[in-house]
Amino acid sequence: MNLVGYQSLMLRTKLDHLLTGTPKIFGDDGELSAIAKDPVDRSLMLGFEGLEGNQVGDPLRHGGRDKAVHLYPIEHYDFWREKYPDVSELNETGAFGENFSCTGLTEDQLCLGDIFRVGSALIECSHARQPCWKLNHRFGKGDVLKTVVKTGKSGSYFRVLEEGRVKAGDDFVQQARPYPDWPLDWLFGMIIGGGHKGQAAELVALSKNRTLAESWRVRAGQLAAG
(Lines give C-alpha, C1' and ligand atoms only; values in the text may rest on other atoms or scores of the structure.)
Protein backbone atom coordinates (compact mmCIF):
# COMPACT_ATOMS: atom_id res chain seq x y z
CA MET A 1 0.00 0.00 0.00
CA ASN A 2 1.34 3.43 -0.97
CA LEU A 3 1.52 5.70 2.10
CA VAL A 4 3.22 8.65 0.38
CA GLY A 5 1.89 11.98 1.60
CA TYR A 6 0.81 10.75 5.01
CA GLN A 7 2.36 11.91 8.25
CA SER A 8 5.22 9.86 9.65
CA LEU A 9 5.26 7.22 12.37
CA MET A 10 4.04 8.28 15.81
CA LEU A 11 2.86 5.42 18.03
CA ARG A 12 4.57 2.14 18.79
CA THR A 13 3.59 -0.60 21.21
CA LYS A 14 3.29 -4.40 21.49
CA LEU A 15 0.31 -6.64 20.94
CA ASP A 16 0.18 -8.03 24.47
CA HIS A 17 -2.73 -10.42 23.97
CA LEU A 18 -4.47 -11.91 20.93
CA LEU A 19 -7.99 -13.17 21.65
CA THR A 20 -10.80 -14.98 19.85
CA GLY A 21 -14.24 -16.30 20.71
CA THR A 22 -17.18 -18.25 19.34
CA PRO A 23 -20.92 -17.69 19.90
CA LYS A 24 -22.50 -19.01 23.08
CA ILE A 25 -25.95 -18.63 24.64
CA PHE A 26 -26.16 -15.16 26.14
CA GLY A 27 -29.12 -13.58 27.84
CA ASP A 28 -32.49 -14.90 28.90
CA ASP A 29 -33.97 -15.23 25.42
CA GLY A 30 -31.34 -17.61 24.08
CA GLU A 31 -29.55 -14.98 22.03
CA LEU A 32 -26.04 -15.86 20.89
CA SER A 33 -22.97 -13.75 21.62
CA ALA A 34 -19.22 -14.17 21.21
CA ILE A 35 -18.33 -11.36 23.61
CA ALA A 36 -16.36 -13.78 25.82
CA LYS A 37 -12.87 -14.05 24.35
CA ASP A 38 -9.94 -16.31 25.23
CA PRO A 39 -6.23 -15.65 24.63
CA VAL A 40 -4.46 -17.46 21.80
CA ASP A 41 -0.74 -18.23 22.07
CA ARG A 42 -0.05 -18.97 18.40
CA SER A 43 -0.08 -16.88 15.25
CA LEU A 44 -3.39 -16.43 13.45
CA MET A 45 -4.32 -15.21 10.02
CA LEU A 46 -5.95 -11.79 10.09
CA GLY A 47 -8.19 -11.52 7.05
CA PHE A 48 -10.43 -8.79 5.75
CA GLU A 49 -13.37 -10.19 7.77
CA GLY A 50 -11.38 -10.74 10.97
CA LEU A 51 -9.22 -13.20 12.84
CA GLU A 52 -8.95 -16.86 11.98
CA GLY A 53 -11.17 -18.82 14.40
CA ASN A 54 -13.07 -15.77 15.65
CA GLN A 55 -16.83 -15.61 15.12
CA VAL A 56 -19.70 -13.27 15.97
CA GLY A 57 -23.10 -14.14 17.37
CA ASP A 58 -25.00 -11.32 15.63
CA PRO A 59 -23.61 -10.68 12.13
CA LEU A 60 -26.11 -7.87 11.55
CA ARG A 61 -24.51 -5.73 14.28
CA HIS A 62 -21.05 -7.21 14.70
CA GLY A 63 -18.24 -8.28 12.43
CA GLY A 64 -17.74 -7.23 8.83
CA ARG A 65 -14.88 -5.31 7.30
CA ASP A 66 -15.38 -2.13 9.33
CA LYS A 67 -15.23 -4.21 12.53
CA ALA A 68 -12.64 -6.81 11.59
CA VAL A 69 -10.66 -6.26 14.82
CA HIS A 70 -11.75 -4.88 18.18
CA LEU A 71 -9.02 -3.37 20.39
CA TYR A 72 -9.51 -2.53 24.05
CA PRO A 73 -6.76 -0.74 26.01
CA ILE A 74 -5.31 -2.52 29.03
CA GLU A 75 -5.10 0.87 30.80
CA HIS A 76 -8.89 0.98 31.19
CA TYR A 77 -9.06 -2.18 33.29
CA ASP A 78 -7.91 -0.45 36.48
CA PHE A 79 -10.87 1.91 36.23
CA TRP A 80 -13.36 -0.92 35.73
CA ARG A 81 -11.88 -3.08 38.49
CA GLU A 82 -12.16 -0.21 40.93
CA LYS A 83 -15.74 0.46 39.89
CA TYR A 84 -16.77 -3.21 39.94
CA PRO A 85 -14.44 -5.06 42.35
CA ASP A 86 -16.81 -8.04 42.47
CA VAL A 87 -16.80 -8.72 38.71
CA SER A 88 -14.43 -11.65 38.16
CA GLU A 89 -14.41 -11.25 34.36
CA LEU A 90 -12.34 -8.08 34.82
CA ASN A 91 -9.44 -10.07 36.26
CA GLU A 92 -8.49 -11.25 32.76
CA THR A 93 -8.21 -9.56 29.38
CA GLY A 94 -11.03 -10.26 26.95
CA ALA A 95 -13.72 -8.98 29.30
CA PHE A 96 -14.93 -6.44 26.73
CA GLY A 97 -14.86 -8.83 23.80
CA GLU A 98 -11.60 -7.46 22.43
CA ASN A 99 -9.41 -9.27 19.90
CA PHE A 100 -6.36 -7.09 20.53
CA SER A 101 -5.22 -6.12 24.03
CA CYS A 102 -2.35 -3.69 24.49
CA THR A 103 -1.24 -0.45 26.12
CA GLY A 104 -0.64 2.95 24.54
CA LEU A 105 -3.65 3.02 22.22
CA THR A 106 -6.39 4.69 24.25
CA GLU A 107 -9.10 6.68 22.51
CA ASP A 108 -7.36 10.01 23.18
CA GLN A 109 -4.21 8.71 21.48
CA LEU A 110 -5.82 7.21 18.39
CA CYS A 111 -7.25 9.12 15.45
CA LEU A 112 -9.65 8.08 12.74
CA GLY A 113 -7.70 6.52 9.87
CA ASP A 114 -4.56 5.71 11.85
CA ILE A 115 -2.73 2.92 10.05
CA PHE A 116 -0.66 0.30 11.87
CA ARG A 117 1.54 -2.61 10.93
CA VAL A 118 0.89 -5.58 13.25
CA GLY A 119 2.81 -8.71 12.38
CA SER A 120 2.51 -8.92 8.61
CA ALA A 121 -0.97 -7.31 8.52
CA LEU A 122 -1.82 -3.67 7.90
CA ILE A 123 -4.86 -2.26 9.72
CA GLU A 124 -6.73 1.06 9.79
CA CYS A 125 -8.78 2.60 12.61
CA SER A 126 -12.37 2.83 11.35
CA HIS A 127 -14.31 4.04 14.44
CA ALA A 128 -14.78 3.64 18.17
CA ARG A 129 -16.96 0.96 19.69
CA GLN A 130 -20.63 1.76 20.28
CA PRO A 131 -21.54 -0.01 23.55
CA CYS A 132 -24.72 -2.06 23.86
CA TRP A 133 -26.77 -3.85 26.53
CA LYS A 134 -24.53 -6.91 26.36
CA LEU A 135 -21.89 -5.22 28.51
CA ASN A 136 -24.49 -4.68 31.25
CA HIS A 137 -25.54 -8.31 31.04
CA ARG A 138 -22.00 -9.68 30.92
CA PHE A 139 -20.93 -7.86 34.09
CA GLY A 140 -24.29 -8.12 35.84
CA LYS A 141 -24.40 -4.34 36.25
CA GLY A 142 -27.04 -1.96 34.98
CA ASP A 143 -24.83 1.03 34.28
CA VAL A 144 -21.89 -0.27 32.23
CA LEU A 145 -23.23 1.06 28.93
CA LYS A 146 -23.99 4.45 30.49
CA THR A 147 -20.51 4.59 32.04
CA VAL A 148 -18.81 3.83 28.72
CA VAL A 149 -20.73 6.67 27.09
CA LYS A 150 -19.92 9.05 29.96
CA THR A 151 -16.20 8.21 30.16
CA GLY A 152 -15.50 7.44 26.50
CA LYS A 153 -13.69 4.21 27.45
CA SER A 154 -15.10 2.55 24.38
CA GLY A 155 -12.26 0.74 22.68
CA SER A 156 -11.71 0.92 18.93
CA TYR A 157 -12.37 -0.97 15.71
CA PHE A 158 -10.01 -1.58 12.81
CA ARG A 159 -10.45 -2.71 9.24
CA VAL A 160 -7.79 -4.76 7.47
CA LEU A 161 -5.97 -3.14 4.55
CA GLU A 162 -3.48 -5.97 4.02
CA GLU A 163 -4.10 -9.48 5.28
CA GLY A 164 -1.33 -11.16 7.27
CA ARG A 165 -0.43 -13.23 10.29
CA VAL A 166 -0.44 -11.80 13.82
CA LYS A 167 0.50 -13.14 17.23
CA ALA A 168 0.82 -11.96 20.81
CA GLY A 169 4.12 -10.12 21.24
CA ASP A 170 4.15 -8.65 17.73
CA ASP A 171 5.22 -5.04 17.30
CA PHE A 172 2.27 -2.68 16.81
CA VAL A 173 3.71 0.23 14.82
CA GLN A 174 1.93 3.24 13.38
CA GLN A 175 2.56 3.86 9.69
CA ALA A 176 0.35 6.89 9.00
CA ARG A 177 -2.01 9.47 10.49
CA PRO A 178 -4.13 11.08 7.76
CA TYR A 179 -6.61 12.78 10.14
CA PRO A 180 -4.72 14.19 13.14
CA ASP A 181 -7.58 16.59 13.89
CA TRP A 182 -10.09 13.77 14.40
CA PRO A 183 -9.07 11.91 17.57
CA LEU A 184 -11.18 8.90 18.47
CA ASP A 185 -12.43 10.27 21.79
CA TRP A 186 -13.75 13.37 19.99
CA LEU A 187 -15.35 11.18 17.34
CA PHE A 188 -17.05 9.03 19.98
CA GLY A 189 -18.33 12.14 21.73
CA MET A 190 -19.75 13.49 18.48
CA ILE A 191 -21.50 10.36 17.26
CA ILE A 192 -22.41 8.59 20.52
CA GLY A 193 -21.86 10.93 23.46
CA GLY A 194 -24.22 13.75 22.52
CA GLY A 195 -21.52 16.28 21.61
CA HIS A 196 -22.83 16.91 18.10
CA LYS A 197 -24.89 20.03 18.78
CA GLY A 198 -23.65 23.00 16.79
CA GLN A 199 -21.24 20.79 14.83
CA ALA A 200 -23.13 20.47 11.55
CA ALA A 201 -20.11 21.17 9.34
CA GLU A 202 -17.99 18.56 11.09
CA LEU A 203 -20.82 16.03 10.92
CA VAL A 204 -21.28 16.58 7.20
CA ALA A 205 -17.54 16.10 6.67
CA LEU A 206 -17.63 12.88 8.68
CA SER A 207 -20.64 11.59 6.75
CA LYS A 208 -18.66 11.93 3.52
CA ASN A 209 -15.40 10.42 4.77
CA ARG A 210 -15.20 6.81 3.64
CA THR A 211 -12.49 6.02 6.19
CA LEU A 212 -15.20 6.23 8.85
CA ALA A 213 -17.25 3.04 9.25
CA GLU A 214 -20.39 3.08 7.13
CA SER A 215 -22.80 2.87 10.08
CA TRP A 216 -21.18 5.92 11.69
CA ARG A 217 -21.21 7.85 8.39
CA VAL A 218 -24.95 7.27 8.23
CA ARG A 219 -25.35 8.36 11.84
CA ALA A 220 -23.26 11.49 11.25
CA GLY A 221 -25.50 12.42 8.32
CA GLN A 222 -28.62 11.91 10.44
CA LEU A 223 -27.25 14.08 13.22
CA ALA A 224 -26.23 16.80 10.76
CA ALA A 225 -29.76 16.85 9.35
CA GLY A 226 -31.15 17.34 12.86
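**Group meeting: strands, helices and three single residues**

I will start with a small element: S33 sits in strand β4, which covers residues 32-33. This is a predicted model, so everything that follows is computed from it. S33 has a relative accessible area of 7%, and because the cut-off for buried is under 20%, S33 counts as buried. Its side chain has a polar contact as well: the side chain of S33 reaches the backbone nitrogen of I35 at 3.1 Å.

Now the sheets. What is the order of the strands in the nine-stranded sheet? It reads β1-β14-β10-β11-β12-β8-β9-β2-β5, the sheet is open, and the pairing is mixed. The edge strands are β1, residues 12-14, and β5, residues 38-39, and each of them pairs on one side only.

Let me walk through part of that order, beginning with β10. Strand β10 is residues 115-118, strand β11 is residues 121-128, and the two pair antiparallel over four bridges. Within that pairing, I115 stands opposite E124 in β11. The hairpin formed by β10 and β11 has two residues between the strands, and G119 there takes a positive phi near 60 degrees. Strand β10 also pairs with β14, residues 171-176, again through four bridges and again antiparallel. Here V118 has F172 of β14 as its bridge partner.

Further along the order is β2, with β9 and β5 as partners. Strand β2, residues 17-20, is joined to β9, residues 100-102, by two bridges, and the two strands run antiparallel. Two residue pairs can be named here: H17 stands opposite S101, and L18 stands opposite F100. Towards β5, strand β2 makes two bridges, and this pairing is antiparallel too. The bridge partner of L19 in β5 is P39.

There is also a three-stranded sheet. It is open, it has the order β7-β6-β13, and its pairing is antiparallel. Which strands stand at its edges? They are β7, residues 50-51, and β13, residues 164-166; each has a single partner strand, so one side of each is left without a neighbour in the sheet. Strand β6, residues 44-47, is joined to β7 by two bridges in the antiparallel sense. On that side, G47 stands opposite G50.

Next, the helices, with α4 as the reference. Helix α4 spans residues 184-191 and helix α5 spans residues 200-207; they pack at about 105 degrees, with their axes 12 Å apart. That angle falls in the 65 to 115 range, so α4 is roughly perpendicular to α5. On the α4 side the contact involves W186, L187, M190 and I191, and on the α5 side E202, L203 and L206. By class, that contact has six nonpolar residues, no polar ones and one charged.

Helix α4 packs against α6 as well, at an angle of about 55 degrees and with the axes 10 Å apart. Why is this pair called oblique? An angle of about 55 degrees is neither under 35 nor in the 65 to 115 range, so α4 counts as oblique to α6. The residues that meet are L187, F188, M190 and I191 from α4, and W216, R219, A220 and L223 from α6. That contact divides into seven nonpolar, no polar and one charged.

Two single residues remain. V149 lies in helix α3, residues 144-151. Its relative accessibility is 27%, and because partly exposed runs between 20% and 50%, V149 is placed in that class. Leaving out residues up to four places away in sequence, V149 touches P131, F188, I192 and G193. F188 has come up already, as one of the α4 residues in the contact with α6. For a distance, V149 and F116 are 33 residues apart in sequence and 26 Å apart in space, C-alpha to C-alpha.

The other residue is T211, in the loop between α5 and α6, where α6 is residues 214-225. Is T211 buried or exposed? With a relative accessible area of 13%, T211 is buried. Beyond its neighbours within four places in sequence, T211 is in contact with L112, G113, E124, C125, S126, R159 and Y179. Among them, E124 is a β11 residue that was named earlier, opposite I115.

Notes
Residues numbered from 1 in each chain as written. Predicted model: local features only at pLDDT ≥ 70, side-chain atom pairs only at ≥ 80, totals over all residues. Heavy atoms only, no water. Buried < 20%, exposed > 50% of the residue type's maximum accessible area, 1.4 Å probe, protein only. Contact = heavy atoms within 4.5 Å. Polar contact = N/O pair within 3.5 Å; in protein donor to acceptor, adjacent residues only side chain to side chain. Axes fitted to C-alpha atoms, helices over the stretch in contact; angles between N-to-C directions. Parallel < 35°, antiparallel > 145°, perpendicular 65-115°, else oblique. Nonpolar A, V, L, I, M, F, W, Y, C, P; charged D, E, K, R; others polar. Pairing = 2+ DSSP bridges.
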